[in-house]
Amino acid sequence: MNTSQLEAVVTPHVRVCSCLEPKFDGDLESPAARTYFGGQPYAESGDAWPSCPTCQKELSFICQVRFSETKFVPPDGVGLFTFFYCWDCSPWGLDDEPSGQWVVRFYSAPSDERAIRIQRKARDDYETTPCSVEVESAKSLPDWEGIDVYCREASTLSAELNDDEPWEPYTELVQQITGRDDYATMIGGYPRWVQSESTPKCSQCHHLMEQFAQIDSEDEAGLMWGDVGCVYLFCCRRHPSEIRFELQCH
Ligand SMILES: [Zn+2]
Ligand SMILES: [Zn+2]
């Protein structure tokens, strides 16, 4: 038993994804069909600014991503998503929360020409700081929390390599392959859990859902999820109307 066996098992699971780095941008004034945090959300004719069903306040616009700027291949017919959140109700993504406290909107054919401005009535007390993003390609592998869900064999092999600290050979290898060992805002890839693994299953087909975005706490954008937490957004390729949200923090 050696690490090359472990590597052979792990390598096919590598997902190419994109890491987003927000950078303050005071010029974000018009809605556009590209990736950014804060500012004016992309919207199309017929859209209105979403409000929270519980507190009635307008949601905060967090960010939007145009998938063609990233390595993530979205479900068919999805080109861009916008993400809104209610900081007053602070949903965690639990099953018993009323829907509408967070909102993800998918757009199939986003373009600057189709973009319209939607208006808030009230000022946003939690306004996201407008940021453009730097996009960098990255590789992702399941974290140790998620290994039994995505690659059980690797967990067994890693434990054979190091009985006392079974996670060590695996996490070392992941760091070698991906070149990273920290939380980040990622489009695609595997969730890096702050707490425990909780990849949801699609309520229609019961397959594991796929992470399309992990949104980290981002100083530059003024985003803090609880105590330096992370938001995870999942979709189902067979059922694009199924979207799940999960927030975890320390
Ligand atoms: Zn609310
Ligand atoms: Zn499904």
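# A walk through the ten-stranded sheet

Start with the sheet: 10 strands sit side by side in an open arrangement, in the order 5-4-3-2-6-1-7-8-9-10, with antiparallel pairing. At the edges stand strand 5 (102-107) and strand 10 (243-248), and each has a single partner strand, so one side of each is left without a neighbour in the sheet. Pairing here needs at least two DSSP bridges between two strands, and the strands themselves are DSSP runs of E with at least two residues, while helices are H or I runs of at least four, both numbered from the N terminus. As general background, strands of a sheet pair through backbone hydrogen bonds, either parallel or antiparallel.

Before going further, a word on what you're looking at: this is a predicted model, in which local features need pLDDT of at least 70 and side-chain atom pairs count only at pLDDT 80 or more, while totals for chains, interfaces and linings use all residues. Residues are numbered from 1 along each chain as its sequence is written, and chains are lettered from A and ligands numbered from 1 in the order in which they are written.

Back to the strands. Strand 1 (residues 15-24) and strand 6 (residues 131-140) run antiparallel and are joined by 10 bridges. To find your place in that pair, look for Cys17, whose bridge partner in strand 6 is Ala138. Over at the other end of the order, strand 9 and strand 10 also run antiparallel, with six bridges between them; there, Tyr232 has Glu246 of strand 10 as its bridge partner. Although strand 10 is an edge strand, five of its six residues are buried, so it is largely enclosed by the rest of the structure. "Buried" means that 20 or more other C-beta atoms lie within 10 Å of a residue's own, "exposed" means 12 or fewer, and "partly exposed" is in between, with C-beta atoms placed from the backbone.

Now zoom out to the whole chain. The secondary structure comes to four helices and 10 strands, and along the sequence they follow the pattern α-β-β-β-β-β-β-α-α-α-β-β-β-β. The radius of gyration is 19 Å, close to the 18 Å from the globule rule for 250 residues, so the chain is as compact as a globular protein of that length. (That radius is taken over C-alpha atoms, and the rule is 2.2 Å times the number of residues to the power 0.38.) The C-alpha trace spans about 65 × 35 × 35 Å along its principal axes, and 39% of the 250 residues count as buried.

What fills the inside? The largest nonpolar core has 50 residues, and Ile62, Phe84, Ile187, Val231 and Leu233 have the most contacts inside it. Strand 9 (residues 230-235) gives the most to this core, with six residues. A second, separate core has 11 residues, among them Val10, Cys151, Tyr170 and Tyr190. A core in this sense is a set of buried Ala, Val, Leu, Ile, Met, Phe, Trp, Tyr and Cys residues joined through C-beta atoms within 7 Å.

Ile62 is a good place to look around. Leaving out residues up to four places away in sequence, Ile62 touches Phe37, Phe83, Phe84, Tyr85, Thr128, Ile215 and Leu223; a contact means backbone-placed C-beta atoms within 7 Å. Phe84 turns up again with Pro50, which touches Leu59, Phe84 and Val103 under that sequence cut. Pro50 is in the loop between strand 2 (36-37) and strand 3 (60-66), yet it counts as buried, with 22 C-beta neighbours inside 10 Å.

That loop also holds Gln56, which is exposed, with 9 other C-beta atoms within 10 Å. Gln56 has a positive phi of about 70° although it is not a glycine. Most residues other than glycine have a negative phi. His206, in the loop between strand 7 (185-187) and strand 8 (210-216), is another non-glycine with a positive phi, about 65°.

Finally, the helices. Helix 3 (residues 152-161) and helix 4 (residues 167-178) pack at about 115°, with axes 6 Å apart. They are therefore roughly perpendicular to each other, a label that covers angles of 65 to 115 degrees, with under 35 roughly parallel, over 145 roughly antiparallel and the rest oblique. Ala154, Ser158 and Leu161 of helix 3 meet Trp167, Pro169 and Tyr170 of helix 4. The axes are lines fitted to C-alpha atoms over the stretch in contact, and angles run from 0 to 180 degrees between N-to-C directions.

Technical notes:
Two residues are in contact if their C-beta atoms, placed from the backbone, lie within 7 Å.
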